[in-house]
Every structure is written in C-alpha cells, then in structure tokens.
Amino acid sequence: IDAKAAILMDANTGEVIYQLNEHDRLAPASITKIMTMLLGVEALNSGRISLEDKVIISNHASRMGGSQVYLEAGETQTVEDLFRAIAIRSANDAAVALAEHIAGSEEIFVKMMNDKAKALGLENTHFSNASGLPSENHYVSAYDVALMSRELLKYPIVNEWLTTYMYDLKVGKNKNSIQTMVNTNRLVKEYEGTTGVKTGSTNEAGFCISASAKRGDLELIAVVLGAKTSQIRFDEAKRMLDYGFANYESVNIGKKGDIIATLPVEKGKLFEVDIMLERDSFVLLPKGESGSIEKKIILPDSIKSPMASGDVVGELVISLNGEEIDKVNLVVKSDVEKANLINILTRTIKSYFKGR
C-alpha cells in the first residue's frame with residue numbers, strides 16, 4: 001500500500017487481514033473526529049444529551065479555522081446538525097462545539113477522549129484536541145484508528161450521518177446563510193456498500209482515511225495514513241476493501257438475544273426460562289471454508305432460582321478445524337424469582353392433577 005501506514009480489519013471480529021506499519025504513531029488530522037463522534041453517540045445513548053439539544057456556539061469553537069461550517073459565536077445549533085457537520089464537512093468548529101456541550105470545555109473533553117482510548121486498549125494514540133488540527137503530542141496508529149472506527153460503527157444512528165452525501169445547513173445567529181456540505185468521503189458515492197467513516201488531511205498528516213463498507217454479513221474497515229495525495233488514499237482504501245470482499249466471508253454464528261435453549265427452573269416462580277446469546281458471534285473465513293465450523297453448547301440440565309436477567313449459565317464454543325476460535329456466554333433472558341410457599345403448593349397441585 002502506497003502510504004506511511006495501513007490496515008484492513010474485519011469489523012465484526014476485529015481480525016486483521018492486512019497491515020503495514022500498523023502501530024506507528026502518526027498525525028491523524030480529522031480522523032481524530034472518529035473519537036469525538038464516538039463520545040458523542042455514547043452521550044446520546046446514555047441520555048446525557050439529546051439530538052434536539054440547542055447548543056450555543058462559543059467564541060472558542062467559532063474560531064477553529066481549517067475545515068468548518070463557519071459557525072458564529074452566539075448562534076445556536078442542534079446536536080444533530082453538529083453531528084452532521086462533523087460527519088459530512090469534517091467541521092472543526094462543530095466538533096469543538098459538540099465537545100463543549102458534552103464536557104463543558106474542550107480540555108475536559110480531550111481528557112475523556114484519552115480515557116476512552118485507554119479503555120479501548122489504544123496503545124499508540126494520544127489526543128490534544130477534539131478536531132484534529134495540528135498539535136503537539138497528538139497522534140494515532142492505523143491499528144488504533146481501525147479499533148475506534150469499529151467501536152463507532154456499533155451505533156446504527158451514525159450510519160445516516162456518515163453516508164449522507166450532501167446536506168444544507170443554515171448557520172449564523174439569524175440563520176440567513178446556508179452551508180451546502182458535501183461529504184469529504186468520496187467513497188460514499190463511489191464504492192458499493194460504503195458505511196463510513198472519516199477522512200483527514202494536513203501538511204503533517206498527509207492524506208488519511210478510515211473507510212468502511214459492508215456487503216452481506218461482511219463489514220470491513222480499511223485505514224490509510226500518510227498518503228501523498230487525496231486520490232491515492234481513496235484508491236488504496238478501495239484496493240484493500242476489494243481484496244477483503246473478494247477473498248473473505250463473514251459467517252454469522254448467532255446474534256445477541258438469539259434463544260439457544262430453554263431450561264427448567266428449580267424452586268422458581270417460573271417453570272422454565274429461555275437462555276440466549278450474550279453478544280453477536282461471527283467468524284471470518286477465507287471463502288469456501290465455512291463447512292469446517294463446529295458449535296458446542298455447554299449448559300446445565302436445569303438452573304436454580306433466584307437468577308437475574310443476564311446472569312451467565314453456560315457458553316457456546318465455536319471451533320474451526322478442531323481449534324477453538326470463539327466463546328460466547330449463554331445468559332438468562334429474564335429474571336427468575338425464588339418461589340414462595342404458595343407457588344410451590346400451586347405447582348405441586350398442578351403436577352398432581354397432570355399425573356392423574
């Protein structure tokens with residue numbers, strides 16, 4: 001790959017298909033905003049913010065420069081439109097405005113970014129701002145970008161923003177100016193199945209992209225850092241994606257919530273309870289090898305009350321050619337309360353009459 005660093009990763013499993021200098025620390029430019037958006041959707045998911053929130057643009061945010069939508073200090077924008085400006089235009093002013101709305105200041109938000117990077121195991125990433133403008137001690141690796149992209153793509157709400165090609169945003173205190181935003185990620189129009197994620201470029205970083213695409217159950221993330229031109233980053237991302245889709249397939253073992261078994265309950269208010277998968281399970285395979293997958297369910301004959309929804313009672317073991325490749329917890333679907341005396345008497349009477 002014609003770039004300083006690159007990686008091709010399976011979004012479902014995190015398995016690496018191709019890598020080039022994947023752990024080198026490099027300037028990320030606006031790929032930084034992947035983490036900004038990730039913290040944003042987490043704040044949405046937790047209820048800390050809402051899409052309808054009105055955000056007053058600070059003087060600090062309005063003076064970001066670089067790629068922007070020319071937000072005016074004192075104007076208001078909704079959280080949703082800030083997300084759109086970040087995802088489509090890669091707007092630095094919108095990124096900082098969102099950061100300030102979530103954390104109170106960009107400095108506190110940057111600490112949140114670094115805390116999240118640590119929690120995700122991003123060993124070669126450190127942020128100094130929320131936008132990606134050149135700054136000391138601000139770097140990522142291709143591998144870390146793929147991991148944070150994978151995390152962002154887990155939230156379906158971002159798909160609309162990341163794949164919108166064009167959007168008109170009214171800006172200014174009187175909303176008398178319209179910014180027609182065109183997605184900086186050309187693959188949205190040029191590559192089948194594109195789902196995201198983000199471009200970036202500065203003199204120091206060169207031209208960068210984290211490109212994701214999905215066909216069937218297979219979703220791939222191709223990261224290119226430090227390409228010499230914009231065209232090269234898009235071409236190299238497409239080459240990696242093409243390679244992945246041509247040579248690999250993602251086999252769906254099961255989805256979170258799938259019912260695997262129903263077990264009887266000892267001394268519980270319920271006679272039986274459903275057992276389900278705790279998370280999705282996929283296996284990445286070279287095309288044509290899916291026939292060698294084996295699945296083994298490990299469960300007790302019954303469970304004892306009380307139990308809470310989500311309690312682990314067993315596991316699903318997935319093997320490929322006799323080698324274990326994944327384990328998924330099997331959990332109780334609903335709460336199982338301990339039976340009281342009346343429950344036990346009622347059950348005994350019903351069993352008696354059933355037996356007659």
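**Figure 1. Two cavities sit inside this chain.** The structure holds 2 cavities of 30 Å³ or more, and the model you are looking at is a predicted one. The following two views take these cavities one at a time.

**Figure 2. A look into the largest cavity, with about 50 Å³ of space.** Its walls are made by Ala27, Pro28, Ala29, Gly132, Leu133, Pro134, Ser135, His138, Thr202 and Glu204. Sort that lining by class and you get 5 nonpolar, 4 polar and 1 charged residues.

**Figure 3. The second largest cavity offers about 30 Å³ of space.** Around it you will find Ala87, Leu162, Asn183, Thr184, Asn185, Gly196, Val197, Lys198 and Thr199. Strand β7 gives the most to this lining, with 4 residues. Here the split by class is 3 nonpolar, 5 polar and 1 charged residues. Keep β7 in mind, as the strand comes back in Figure 5 with 5 lining residues.

**Figure 4. The largest pocket, with a volume of about 790 Å³.** A set of 29 residues lines the largest pocket, and Ala11, Asn12, Thr13, Asp280 and Phe282 lie nearest its centre. Which elements give two or more residues to the lining? They are α7 (157-163), β13 (281-286) and β17 (323-332). Of the lining, β13 supplies the largest share, 6 residues. As for chemistry, the lining of the largest pocket counts 13 nonpolar, 5 polar and 11 charged residues.

**Figure 5. The second largest pocket, at about 160 Å³ in volume.** This one is lined by 16 residues. Look for Ser30, Ser67, Ser90, Gly200 and Ser201, which lie nearest the centre of the second largest pocket. Strand β7 (residues 194-202) gives the most to this lining, namely 5 residues. By class, the lining of the second largest pocket comes out as 1 nonpolar, 12 polar and 3 charged.

**Figure 6. Helix α1, residues 33-46, seen up close.** This helix has 14 residues and reaches 20 Å from its first C-alpha to its last, close to the 20 Å expected at 1.5 Å a residue. How many residues of α1 are buried? The count is 11 of the 14, so the helix is largely enclosed by the rest of the structure. Starting from the front end, Lys33, Ile34, Met35, Thr36, Met37, Leu38, Leu39, Gly40 and Val41 are buried, and Ala43 and Leu44 are on the buried list too. An α-helix has 3.6 residues a turn, so residues three or four places apart point the same way. Just after α1 comes Gly47, which takes a positive phi of about 90°.

**Figure 7. Stepping back to the whole chain.** If you got lost in the close-ups, this view puts them in context. The chain has 10 helices and 17 strands, and its C-alpha atoms fill a box of roughly 80 × 50 × 35 Å along the principal axes. Of its 356 residues, 50% count as buried. Among contacts with a separation of 6 or more, 63% are between residues 24 or more positions apart. On the outside, the accessible surface comes to about 16700 Å², with 47% of that belonging to carbon and sulfur atoms.

How values were computed:
Residues are numbered from 1 along each chain as its sequence is written. This is a predicted model: local features need pLDDT of at least 70, side-chain atom pairs count only at pLDDT 80 or more; totals for chains, interfaces and linings use all residues. Side-chain values use heavy atoms; hydrogens and water are left out. The expected span of a helix is 1.5 Å times one less than its number of residues. Buried means under 20% relative accessible area, exposed over 50%, partly exposed in between (1.4 Å probe, protein chains only). On a 1 Å grid over the protein atoms alone, a cavity is a set of points where a 1.4 Å probe fits but cannot get out, and a pocket is an open set with protein on both sides within 12 Å along at least five of seven lines; lining residues have an atom within 4 Å of a point. Grid points are joined across faces, edges and corners, and a volume is the space filled by probe spheres set on the points. Ala, Val, Leu, Ile, Met, Phe, Trp, Tyr, Cys and Pro count as nonpolar, Asp, Glu, Lys and Arg as charged, and the others, Gly among them, as polar. Contact means heavy atoms within 4.5 Å. Accessible areas come from the Shrake-Rupley method with a 1.4 Å probe; for residues, only the protein chains shown count as cover.
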